[in-house]
Amino acid sequence: MWPEIIRLSKEGGLDVIETYVFWNNHEPERGQYYFEGRFDLVKFVKTVQEAGLLVHLRIGPYACAEWNYGGFPMWLHFLPGIQFRTNNAIFKNEMKRFLAKVVNLMKEERLFASQGGPIILAQVENEYGNVESSYGQPGELYVQWAAKTAVSLNTTVPWVMCAQGDAPDPIINTCNGFYCDQFTPNSPSKPKMWTENYSGWFLSFGYPIPYRPVEDLAFSVARFFEYGGTFQNYYMYFGGTNFGRTAGGPLVATSYDYDAPIDEYGFIRQPKWGHLRDLHKAIKLCEEYLISSDPTLEKLGRNLEAHVYYKSSNSCAAFLANFDSISDARVTFKGNEYFLPAWSVSILPDCKNVVFNTAKVPDAFTRSTSTHEVSLATSDWSWYQEYVGIWGTNSFTKSGLLEQINTTKDTSDFLWYSTRYVNQAVILEKLSNRNKW
């Protein structure tokens, strides 16, 4: 499926494909690596390169991603004395070994940008800033170590840490969230980057199907570049499916559709895909201005503003924003009047003509429907049957409750208990009656 999904991503205006590297799939047993089949990382990166796109490799190796055990292999859990994601020598040795394995694999295939390959960015750790405070000083030391270790691997491309406000130089700290226009890197020498812009949300059993309107998603993207953003990634652009037992987290479903522009089955989702494609085209029309200067802010009224990028005194591109969530407005900019719907951004590549407004979705996208014929007779289905029950060779006797992972070692989601109890009062009564007899 990957060549077609990548093709649709490119047609949708993407320049970079961002992907995690899941440790538990690539090293299922300690020291035994697996990079074959659907986990052939080299083939995936080369497929992206063949399509003419670039790659951001999020090695981690912690991924979260609602993935089983956050992407950690289960054998890691059983190493004596290990503590995850902190200043623990056992964990750091294993993490460094896997990071080096992936980096060296990419180097051998000459896949980093400096080698002529498509990989322009790499990521170490993942959203550690959200939990760092609970680790105290060992957490701070771990961040320093992770950064130093990543740089020492000499990928020759920049490393990033997402949601990590204290990412040490030269690691670039990046933003994750629904809106990142107000995000500022922790150093003026670092570019403003957004690694996860949520196109929807993951699906959980018992909850509504997540949905994010494309008008709001487009607004967030336009605002980010309006405020000097340099790199923005959709999480997810194609969500896909959690096959087998890879879904991890409370009640997380096997579907990882994420209300993404390309749906779970690999088909484009309108109006999201088409509206974002047009947004990307509009932003790229401003490209030479965006890299020529920092934006100049002009206030146009209450909740109304313009950011202008000048290439020269009489040559510019502009973003006109109405960030009032209710009221439409009319504004005057450089002698011309413009209508700005509520919660919208208009893009003017020449500071005069509006080529795109985030709130105006063409009727063609909202009316369009697609039909796809799928022949189940030719589909290659596979099945996994996990028997449910308490009897078998794995049954044993134990008093009290057990810890799930330590007991099943993640070979099953089922841990079945069978208990027996006897009513002592009834027994005593029967014994008493027997004595009377």
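Helices here are DSSP runs of H or I with at least four residues, and strands are runs of E with at least two, numbered from the N terminus. With that in mind, welcome to the tour of this predicted model.

**Stop 1: the whole chain**

Start with everything shown as a cartoon. You should find 12 helices and 14 strands. Along the principal axes, the C-alpha atoms fill a box of roughly 110 × 50 × 50 Å. The chain has 437 residues, and 48% of them are buried. Now colour the surface by atom type: about 23,400 Å² is exposed, with 53% of that supplied by carbon and sulfur atoms. Among contacts with a separation of 6 or more, 59% are between residues 24 or more positions apart.

**Stop 2: W145 in a helix**

Select residues 137–152, which form helix α6, and pick out W145 there. Is W145 buried or exposed? Its relative accessibility is 18%, and W145 counts as buried because buried means under 20%. Leaving aside residues up to four places away in sequence, W145 touches K92, M95 and K96, so show those side chains too. For a sense of distance, draw a line from W145 to D263: their C-alpha atoms are 39 Å apart, and the two residues are separated by 118 places in sequence.

**Stop 3: W201 and a surface patch**

Next, go to the loop between β6 (193–198) and α7 (214–226), where you will meet another tryptophan, W201. At 35% relative accessibility, W201 is partly exposed. Add F178 and Y179 to your selection: together with W201 they make a nonpolar surface patch of about 290 Å².

**Stop 4: G228, just past α7**

Follow the chain to the loop between α7 and β7 (231–235) and select G228. With a relative accessible area of 23%, G228 is partly exposed. Which residues does G228 touch, not counting those up to four places away in sequence? They are K192, P295 and Y309. Also show P191, which is 37 residues from G228 in sequence, with 8.8 Å between their C-alpha atoms.

**Stop 5: an open sheet**

Now select the strands β8, β9, β10, β13 and β14. They form an open sheet of 5 strands in the order β8-β9-β10-β13-β14, with antiparallel pairing. Which strands stand at the edges? β8 (296–301) and β14 (356–357) do; each has a single partner strand, so one side of each is left without a neighbour in the sheet.

Zoom in on β10 (residues 315–322) and β13 (residues 344–348), an antiparallel pair joined by 5 bridges. To see one pairing, highlight L320 and its bridge partner in β13, S346. Then bring α7 back into view: this helix lies across β9 (304–312), β10 and β13, and runs at about 135° to β10.

**Stop 6: a hairpin to finish**

Select β11 (residues 329–333) and show its side chains. They alternate: A329, V331 and F333 point to one face and are buried, while R330 and T332 point to the other face and are not buried. Add β12 (residues 336–340), which runs antiparallel to β11 and is joined to it by 5 bridges. F333 has N336 as its bridge partner in β12. The hairpin of β11 and β12 has 2 residues between the strands, and K334 takes a positive phi near 50°.

Note on methods: Residues numbered from 1 in each chain as written. Predicted model: local features only at pLDDT ≥ 70, side-chain atom pairs only at ≥ 80, totals over all residues. Heavy atoms only, no water. Patch = residues over 30% accessible without salt bridge, like charges linked within 9 Å, V, L, I, M, F, W, Y side chains within 5 Å. Areas by Shrake-Rupley, 256 points an atom, 1.4 Å probe, with all protein chains shown as cover. Salt bridge = Lys/Arg side-chain N within 4 Å of Asp/Glu carboxyl O. Buried < 20%, exposed > 50% of the residue type's maximum accessible area, 1.4 Å probe, protein only. Pairing = 2+ DSSP bridges. Contact = heavy atoms within 4.5 Å. Axes fitted to C-alpha atoms, helices over the stretch in contact; angles between N-to-C directions.
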